[in-house]
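Here is a short report on one structure. Please look at the sequence and the model first.

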Amino acid sequence: MPELRVFIDKNEYNVEKGKTILETMMENNIDIPHVCFNPALGPIESCDTCIVKANGKFVRACSTEIEDNMNICYEIEDVKSRQLEAVNRLLTRHNLHCTVCENNNGDCALHNAVDKLNLERQKYPFEKKGYEPDYSNPFYRYDPDECILCGRCVEACQDVEVNETLSIDWSLEKPRVIWDDNKPINESSCVSCGHCVTVCPVNALMEKSMLEEAGYFTSLTKKAKDNLVDFGKGLEKPIGIGMIMKISNIEAQMRNEQIKKTKTVCTYCGVGCSFTMWTKGRKILKVQPEIESPANGISTCIKGKFGWDFVNSKERLKKPLIRKNGKFIETSWSDAIRFAANGLKKVSEKYGNESIMFIASSKGTNEEAYLMQKLARQIFHNNNIDNSSRFCQAPATTGLWRTVGYGGDAGSIMDIYKSDLVFIIGANTAESHPVIATRIKRAHKLNGQKLIVSDLRKNEMAERADIYLHPAPGTDIVLLSAITKYIIDKKWHDKKFIDERVNNFDDYYKSLSSFTLENAEKITGIPRNQIIKTAEMIHSVKNMCILWAMGVTQHSAGSDESTAISNLLLITGNYGRPGTGAYPLRGHNNVQGASDFGAMPTYLPGYQPINDKNVIQKFEKAWNTKLSVKPGIDNVSCIENIDNDKIKAMYIVGQEFASTGPDSEMVRKSLENLEFLIVEDVFFSETAKFADVVLPASVSLEKEGTFVNTERRIQRLYRVMEPYAETRPDWEIIQDIANELGAGWNYKNPSDIMDEASELCPIFKGVNYSRLEGFKSLQWPMKENGEDSEYLYEDRFNFPDGKARLYILKYRPPLMEDEEYPLHLNNGRMLEHFHEGNETFKTPGIREKVPDTFVEISNDLAKDYGIESGDYVKIVSKWGSVKVRALVTDRVSGNELYMPMNAAYDEEGINMLTSYNRDPDSDTPSYKELPVKIIKLKDKGPSPLPKTNPRFGKRVPQKGINIEMKWKRTDYVKLTDD
Ligand code: SF4
Ligand code: SF4
Ligand code: SF4
Ligand code: FES
């Protein structure tokens with residue numbers, strides 16, 4: 001970057017081109033007031049507190065770029081008086097009452113500006129706006145009388161989250177922030193992501209959990225508070241505001257004793273949002289994402305920001321339970337550990353080591369997954385270890401292993417943001433990976449990024465897309481191969497990239513001969529001109545990323561469909577550069593890490609194959625044991641292996657196996673047949689009902705460790721609070737069981753486990769806890785010197801010759817509807833809930849927004865069946881039936897139905913209907929191939945989505961905050977010369 005020379009109050013500085021005056025001053029520790037500016041939002045220009053004189057003109061420092069030889073005056077009277085005027089104007093909208101304000105925590109931008117400018121007397125009186133505070137949203141409130149109209153919240157909602165709910169109505173006599181077209185918050189399109197609350201510089205938008213909790217005087221009655229404020233105001237004249245600010249600064253300091261702030265990582269989805277959690281004892285005051293949060297910056301979704309009530313739920317397990325005479329009784333930890341270890345030992349002695357199956361949690365830490373696989377391999381000499389990626393992500397991993405060599409995202413979330421074109425296939429990104437969706441929505445809205453969405457449902461991303469494709473269920477492979485063939489036929493493929501970096505082009509091209517536009521149109525139902533338009537759009541850009549999820553993977557050809565995605569990326573040269581690559585969006589917070597750290601039946605940690613002699617020798621030496629080289633049983637085939645008496649015991653950590661496995665009834669019968677079952681969990685789950693011993697585990701906030709997010713990013717979580725009741729972290733429990741069985745492990749804390757994994761796994765070389773301190777993170781593969789990999793395949797693909805492999809595919813039709821089961825039932829996540837919802841249903845505000853599951857039905861089908869929203873229907877498949885309410889919506893069409901995965905009551909869960917059919921290459925159940933019939937029942941209830949659900953709101957898109965409208969108001973007097 002070329003450097004410029006600049007003078008600030010006569011001192012010379014060198015500055016990179018493109019920096020603003022404010023950035024330059026902050027970088028050089030020149031303390032300049034600024035209220036509306038937030039680095040994550042950029043200049044908003046609404047507060048005027050940052051005025052300086054640059055080359056003789058008064059300008060806003062936050063929005064003025066440095067020019068060469070610029071002369072900036074800051075410490076001069078003219079500048080100070082304008083800054084003071086700006087702050088005085090802000091104080092007409094906000095009554096200073098810092099000591100009794102929940103926002104007085106040292107980071108209130110208004111307080112700090114007043115303090116910095118040594119304001120002694122308020123020039124104008126505070127004026128009430130005349131609007132009532134809005135408490136309607138379950139999680140936060142807006143108080144117009146505290147609002148300084150800085151517009152940060154609007155900027156965040158419009159252009160960072162891009163939910164486009166907020167604006168400031170500058171046309172009102174007293175402007176204020178409004179939701180949609182001025183609705184109560186809870187009746188608007190607000191998705192409760194919390195962006196606006198996170199960035200509000202004052203207390204106008206505030207988490208309800210902070211109210212009356214943060215601060216020593218905030219819980220006083222309103223009357224007492226008013227009296228205190230009046231008393232303070234009375235002192236303003238004799239002692240000045242400065243003295244009052246000093247008192248509030250002392251109170252703010254004291255809050256450090258009261259409020260603990262701990263960095264942690266979200267325990268829901270694979271985006272891996274990190275944040276600081278503010279707590280008072282076990283009370284969670286707020287979740288504050290930070291600018292330096294590597295995956296998310298200031299972003300969160302409703303779950304990460306507000307969905308933590310499960311942590312203190314009364315339903316949590318408190319003590320270990322042992323089944324005696326058909327009843328569970330509480331017991332001590334030492335008895336429970338002995339009982340668990342003996343149970344496994346007895347089964348192994350009676351039926352052999354291979355009769356035991358281990359399931360690691362994809363919600364637990366890497367260190368815990370590592371210990372689970374070590375327990376299986378070192379102590380029981382088997383590879384019967386798996387995690388829930390088998391239910392969702394294994395086909396994506398298979399597709400990538402076949403073609404490029406690493407089973408992980410090719411780049412970072414920033415690459416997706418930077419890309420010219422994002423192609424989303426079978427993924428409801430705005431709901432399942434909301435923070436990644438915000439980056440795409442922003443790039444699409446502001447940077448001209450193109451967006452193609454292929455999905456059965458017209459979800460939010462489909463609504464925003466430049467091209468929306470709706471293929472027949474299970475035909476993605478045909479669509480993708482036809483696009484690929486068309487690109488090569490047109491000679492639009494990247495010949496140089498293919499010649500230099502890809503094997504098998506000629507044979508692969510030949511294999512595409514049947515994927516003509518005609519065939520594709522016939523099979524997918526997508527008109528050929530749409531397929532051509534898609535190919536043309538791909539051809540028109542330099543860089544493309546493809547994102548996919550369970551809408552692709554949970555099919556009987558899930559691995560092949562994932563492979564077809566990677567083939568298309570290879571043909572177009574879209575690997576190995578920023579803004580390119582394959583992004584299988586990982587579901588659970590640590591489903592990537594559980595596989596990375598070896599909870600897989602054919603790989604040791606770090607994807608080292610069990611059939612590699614050198615690998616086996618290395619681990620045998622390190623663990624001082626004999627390892628099995630026989631591929632283990634995975635957690636889907638384990639069900640049939642229970643039925644054929646090969647598996648007699650299971651140790652399941654943190655997985656609701658009884659509800660998330662395919663065909664719940666069958667799974668439950670199998671669990672009943674086990675001779676011994678250990679379940680380690682946070683709640684007494686459905687699975688726990690079948691256990692012989694139930695071990696109460698701590699939640700992520702109660703332990704240390706690391707997670708790997710979807711972009712291969714390893715992040716540390718710190719202990720926010722002590723373990724609940726007698727719960728314990730999984731790694732401690734697993735270690736105790738291993739030691740009871742004679743393992744002799746001696747891990748003092750999770751960093752010891754990471755050190756061992758790092759020593760044994762080439763892709764984790766160089767990973768250690770000090771390199772992961774605070775918000776630091778590392779993306780594997782790592783080098784010993786600590787260098788990580790933001791994106792993969794820059795120089796070589798992960799095969800011995802460094803070249804990628806085009807993989808030949810054939811189309812296998814999915815399980816089709818028939819006369820008896822004429823409808824297709826799709827399923828997936830909802831924004832508000834995570835998976836089956838066993839944690840999110842514990843948050844009353846979330847439950848208020850989405851109380852239960854339901855089935856979405858198209859207008860046409862609803863008419864045919866005479867069904868209205870709220871009617872109860874019975875959905876029947878070959879494998880079971882459920883009774884749920886219907887929601888008539890245009891999100892689905894034709895004979896396609898959709899059910900969210902979340903269910904408040906177990907008997908309504910989607911897996912009461914799903915089958916045990918599987919993708920032969922990954923063993924992943926084809927949850928999405930589900931022919932059903934629907935029967936209208938007599939019962940009727942209210943619509944399953946209440947009117948307070950944001951899906952009924954009406955967004956008001958605009959760019960930024962429309963600051964020009966403020967400047968045009970007659971009551972605005974300019975302070976700058978522009
Ligand atoms: S969607 Fe709601 S919570 Fe999120 S930024 Fe917009 S107004 Fe705030
Ligand atoms: S509510 Fe919005 S406009 Fe008002 S002070 Fe907070 S961030 Fe600024
Ligand atoms: S659920 Fe996912 S997107 Fe939402 S806060 Fe957590 S990690 Fe972020
Ligand atoms: S910080 Fe520059 S105008 Fe507000």
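## Helix 16 and helix 19

In this predicted model, four residues of helix 16 meet four of helix 19: Val478, Leu479, Ala482 and Tyr486 on one side, and Leu517, Ala520, Ile523 and Thr524 on the other. By class, this contact has seven nonpolar residues, one polar and no charged.

Helix 16 covers residues 476-489, and helix 19 covers residues 517-524. Their axes lie 9 Å apart, and the packing angle is about 160°. Angles over 145 degrees count as roughly antiparallel, so helix 16 is roughly antiparallel to helix 19. The crossing of the two is left-handed.

## Helix 16 and helix 22

Helix 16 also packs with helix 22 (residues 558-571). Here the angle is about 15°, with the axes 9 Å apart. The cut-off for roughly parallel is under 35 degrees, so helix 16 is roughly parallel to helix 22. This crossing, too, is left-handed.

Which residues make the contact between helix 16 and helix 22? Helix 16 contributes Asp476, Ile477, Leu480, Ser481, Ile483, Thr484, Ile487 and Ile488. Helix 22 contributes Asp560, Glu561, Ala564, Ile565, Asn567, Leu568 and Ile571. Nine of the contact residues are nonpolar, three are polar and three are charged.

## The five-strand sheet

Five strands form an open sheet with mixed pairing. Their order is 2-1-5-3-4. Strand 2 (11-16) and strand 4 (57-60) are the edges. Each has a single partner strand, so one side of each lacks a neighbour in the sheet. Neighbouring strands are turned by 35° against each other on average, direction ignored.

The pairings can be taken one by one. Strand 1 (residues 3-8) runs antiparallel to strand 2, and six bridges join them. Within strand 2, Glu12 is the residue opposite Phe7. Strand 1 runs parallel to strand 5 (residues 70-73), with three bridges. There, Val6 has Met70 of strand 5 as its bridge partner. Strand 3 (residues 51-54) pairs with strand 5 in the antiparallel sense, over two bridges. Cys73 of strand 5 stands opposite Lys53. Helix 2 (residues 77-90) lies across strand 3, strand 4 and strand 5. Helix 2 runs at about 150° to strand 3.

## The seven-strand sheet

A sheet of seven strands is also open, and its pairing is mixed. The order is 14-13-27-26-25-15-16. Strand 14 (327-330) and strand 16 (385-386) are its edge strands, each pairing on one side only.

Strand 26 (residues 676-681) and strand 27 (residues 693-696) run parallel and are joined by four bridges. Val693 in strand 27 is the bridge partner of Ile678. Which strands does helix 8 (residues 333-351) lie across? They are strand 13 (321-324), strand 15 (356-359), strand 25 (649-653), strand 26 and strand 27. The angle of helix 8 to strand 27 is about 135°.

## Around ligand 1 and ligand 2

Ligand 1 has 13 residues around it. Cys157, Asn163, Cys190, Cys193 and Cys196 come nearest. Helix 4 (152-160) and helix 5 (195-199) each give at least two residues to this shell. By class, the shell holds seven nonpolar residues, five polar and one charged.

Which residues lie around ligand 2? One stretch is Cys147, Ile148, Leu149, Cys150, Gly151, Arg152 and Cys153. The others are Val177, Cys200, Val202, Ala204 and Leu205. This shell has 10 nonpolar residues, one polar and one charged.

## Around ligand 3

Ligand 3 is surrounded by 13 residues, of which Cys266, Cys269, Cys273, Cys301 and Gly304 are the closest. Helix 7 (302-306) and helix 14 (434-446) are the elements that supply two or more residues to the shell. Eight of the shell residues are nonpolar, four are polar and one is charged.

Conventions: Residues numbered from 1 in each chain as written. Chains lettered and ligands numbered in written order. Predicted model: local features only at pLDDT ≥ 70, side-chain atom pairs only at ≥ 80, totals over all residues. Near = placed C-beta within 6 Å. Nonpolar A, V, L, I, M, F, W, Y, C, P; charged D, E, K, R; others polar. Pairing = 2+ DSSP bridges. Contact = placed C-beta atoms within 7 Å. Axes fitted to C-alpha atoms, helices over the stretch in contact; angles between N-to-C directions. Parallel < 35°, antiparallel > 145°, perpendicular 65-115°, else oblique. Left-handed = near helix turned anticlockwise from the far one by under 90°.
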